[in-house]
Amino acid sequence: MARAGGPGSFVFGEEEKKEVMEVLEGRYLFRYGDENTEGYTHKVIDFENELKKTMGAKYAVATTSGTSSLLASLAALGIGAGDEVIVPGYTFIASISTIILAGAIPVLAEIDESLTIDVTKIESLITPKTKAIVPVHMLGNPCKMDAIMEIAKKHNLLVLEDCCQAVGAEYKGKHCGTYGDIGAFSLNIFKTISTGDGGAVITNNEELYERAFGYHDQGHKPNRMGVEVGNRSFVGMNMRMNELTGAVALAQTRKLDKILSTLRSKKALLKELLSDLPHIKFRTINDEGECATLLTILFDTKELAEKFCEKTGGKPIAYSGWHVYNNMEQVLNKLLPAKTMNINERTYYKHMLPQTDDILDRAVNISVGVVDKGLGSGYGINILSTEEEIREVAKNIREIILSL
Ligand SMILES: Cc1ncc(COP(=O)(O)O)c(C=O)c1O
C-alpha cells in the first residue's frame with residue numbers, strides 16, 4: 001500500500017535522527033532547563049527560534065498540536081462566551097471546534113474557488129457580537145490576507161490565521177501567520193513539516209505571546225527554567241512540546257524551504273501536463289507562495305468529478321470527512337461536552353452554504369506532497385516522485401478525463 005502522510009514525513013533522515021539522539025543521550029526530555037540542568041539540549045527553544053526566523057515573527061510557542069495552537073491563540077485573544085467568530089465551512093473540524101471549546105460561537109462563511117474564505121461574503125456575517133475572523137489557509141493556499149485585514153481593521157476585529165495546512169506559505173512576500181494578530185500551525189503527520197503530532201503559535205505581539213504561552217503552560221510566564229511557584233498570569237492548560245518532538249521539529253523546520261521548492265516544481269510540471277484538458281480548471285491560487293502540497297481540480301459538474309473519482313478510487317472533496325461542515329455531525333447536532341459551551345443562538349444545518357457545496361461537489365484533490373485519503377488526496381504524486389512518475393500519473397489522469 002502507498003505511504004500516506006505529508007512531505008516532511010517523506011524526508012525524515014539523518015538530520016532528525018541526530019537531533020533526537022542528542023536528546024535521548026542527554027536523557028532529559030522536558031522542554032525547560034538551563035546550563036545547570038544535566039543533559040538538557042533545549043531543542044524546543046531552538047525550534048521556536050528557528051520557526052521565528054523562518055516565518056519572520058517576533059515570538060513563537062511550540063505546542064502539542066494544531067488544535068492546541070488554535071485554542072491557545074483564542075485564549076490569547078481573549079475570545080470567549082458569547083463572542084462570534086467567523087470561520088469558513090471548508091476547514092478541518094478543529095478550526096470550528098476550538099471556537100466552541102473557547103465558549104464562543106462559530107459563524108460559518110462561504111469559500112470561493114480558491115477553497116479559502118470568500119472575502120466578499122465576510123462583511124454580511126458581521127454582527128455587534130463578532131470578535132474575530134479565522135481565515136484558514138486551506139490546502140496550502142494563502143487566503144486573501146490584504147482584503148481580510150482591511151475588513152478586520154474597518155470593523156475592529158481580531159484575526160487568528162489557521163496556518164495548520166500551510167506551514168511556510170507566503171502571501172505577497174510575507175509568511176502566513178504574520179498578517180493577523182496571531183497564527184496557529186500544525187505539525188501532524190499530514191502537514192508540510194511533521195513531528196507526528198505537534199504545533200506552534202506565532203505572533204508579533206508581546207502581550208499575545210505571553211498570554212498564548214501562559215495558556216499553553218498553566219499560566220506560566222514564558223520560558224520558566226524549572227518548577228516555579230506563584231507568578232502565574234491565569235489559568236492554563238498543559239500543551240507543552242517535549243524535547244523529542246522539539247528535536248524533530250527543529251530538523252524539519254530547517255528543511256522547510258527545500259521541501260517547498262521541491263513541491264512547487266513538481267506541482268508546476270504536473271499542472272502543465274494537465275493544463276489543456278477539457279471539463280476542468282484548477283482552483284484559484286491566491287499567491288504563488290502557496291505550499292503546493294496539492295493540486296485541486298474543479299470539474300465542470302459534480303457528475304464528472306464523481307466519475308473521475310470512481311476511476312482513481314478517491315472521492316470529491318465534498319465527501320472528505322471532517323473537512324467539510326456538512327460532515328461535522330458534532331457541530332450540526334450541537335454535541336457539546338458541557339453547558340458552558342453554548343452555541344444555541346445559531347443554527348447549523350446541512351447545505352447552509354450553497355456556494356461552498358457547489359464548489360466542493362466539483363472539486364477533487366490530487367496529492368503533490370500531502371497523501372491523505374481524509375483530505376480526498378489518496379491519489380497523485382509525492383515529494384519523492386521522479387519526473388517519469390509524474391509524467392505517468394499525468395498520463396493516467398489525462399486518459400481518465402478524456403474518457404469521461
Ligand atoms: C485547517 C486545520 N486546522 C487545524 C488542524 C488541527 O491540527 P492538529 O491535527 O495538529 O490538531 C488541522 C489538522 O488537520 C487542519 O487541517
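This report describes the overall build, the two domains, the nonpolar core, two helices, the ligand shell and two single residues of a predicted model.

Residues are numbered from 1 along each chain as its sequence is written. Because the model is predicted, local features need pLDDT of at least 70 and side-chain atom pairs count only at pLDDT 80 or more, whereas totals for chains, interfaces and linings use all residues.

**Overall build**

The protein chain has 12 helices and 12 strands, these being DSSP runs numbered from the N terminus, with helices (H or I) of at least four residues and strands (E) of at least two. Its radius of gyration is 21 Å, close to the 22 Å that the globule rule gives for 404 residues, so the chain is as compact as a globular protein of that length; the radius is taken over C-alpha atoms, and the rule is 2.2 Å times the number of residues to the power 0.38. Along the principal axes, the C-alpha atoms fill a box of roughly 70 × 55 × 35 Å. Of the 404 residues, 52% count as buried, a residue being buried if 20 or more other C-beta atoms, placed from the backbone, lie within 10 Å of its own, exposed if 12 or fewer do, and partly exposed in between. Among contacts (C-beta atoms, placed from the backbone, within 7 Å) between residues at least 6 apart in sequence, 69% join residues at least 24 apart.

**Two domains and their contact**

The domain assignment gives domain 1 (7–253) and domain 2 (257–403), with bounds that come from an automatic or database assignment. Their C-alpha centres lie 23 Å apart, and the contact takes 38 residues from domain 1 and 43 residues from domain 2. On the side of domain 1 that touches domain 2, α1 (7–10), α5, β3 (105–109) and β6 (170–171) each supply at least two residues, and the largest share, four residues, comes from α5. By class, that side has 22 nonpolar, 10 polar and six charged residues, where Ala, Val, Leu, Ile, Met, Phe, Trp, Tyr, Cys and Pro count as nonpolar, Asp, Glu, Lys and Arg as charged, and the others, Gly among them, as polar.

**The nonpolar core**

The largest nonpolar core, a set of buried Ala, Val, Leu, Ile, Met, Phe, Trp, Tyr and Cys residues joined through C-beta atoms within 7 Å, has 119 residues, and V85, A132 and A212 have the most contacts inside it. Helix α8 (residues 243–274) gives the largest share of this core, 10 residues, and the core draws at least three residues from each of domain 1 (7–253) and domain 2 (257–403). Leaving aside neighbours within four places in sequence, V85 is in contact with I79, I99, A104, I105, P106, V107, K131, A132 and V134.

**Two enclosed helices**

Eight of the 11 residues of helix α7 (residues 206–216) are buried, so this helix is largely enclosed by the rest of the structure; A212, named above for its core contacts, is one of its buried residues. Helix α5 is likewise largely enclosed, because seven of its nine residues are buried, among them I99, which is also a contact of V85.

| Helix | Covering elements include | Residue that follows, with phi |
|---|---|---|
| α7 | β1 (59–63), α4, β8 (182–186), β9 (199–203) | Q218, positive, near 50° |
| α5 | α4, β2 (84–88), β3, β5 (158–162), α10 (329–332) | G103, positive, near 90° |

**The ligand shell**

Of the 14 residues around the ligand (C-beta atom, placed from the backbone, within 6 Å), S65, G66, T67, F92 and S186 come nearest. The elements that give two or more residues to this shell are α4 (66–76) and α5 (93–101). By class, the shell has four nonpolar, nine polar and one charged residues.

**Two single residues**

L108 is found in strand β3 and, with 20 C-beta neighbours inside 10 Å, counts as buried. Neighbours within four places in sequence aside, L108 is in contact with V87, G89, Y325, Y348, M352 and L353. F282, in strand β10 (residues 280–282), counts as partly exposed with 14 C-beta neighbours inside 10 Å. Not counting residues up to four places away in sequence, F282 touches K271, L295, T296, I297 and L298, while F282 and V364, 82 residues apart in sequence, are 9.6 Å apart in space, C-alpha to C-alpha.

Terms used: Two residues are in contact if their C-beta atoms, placed from the backbone, lie within 7 Å.
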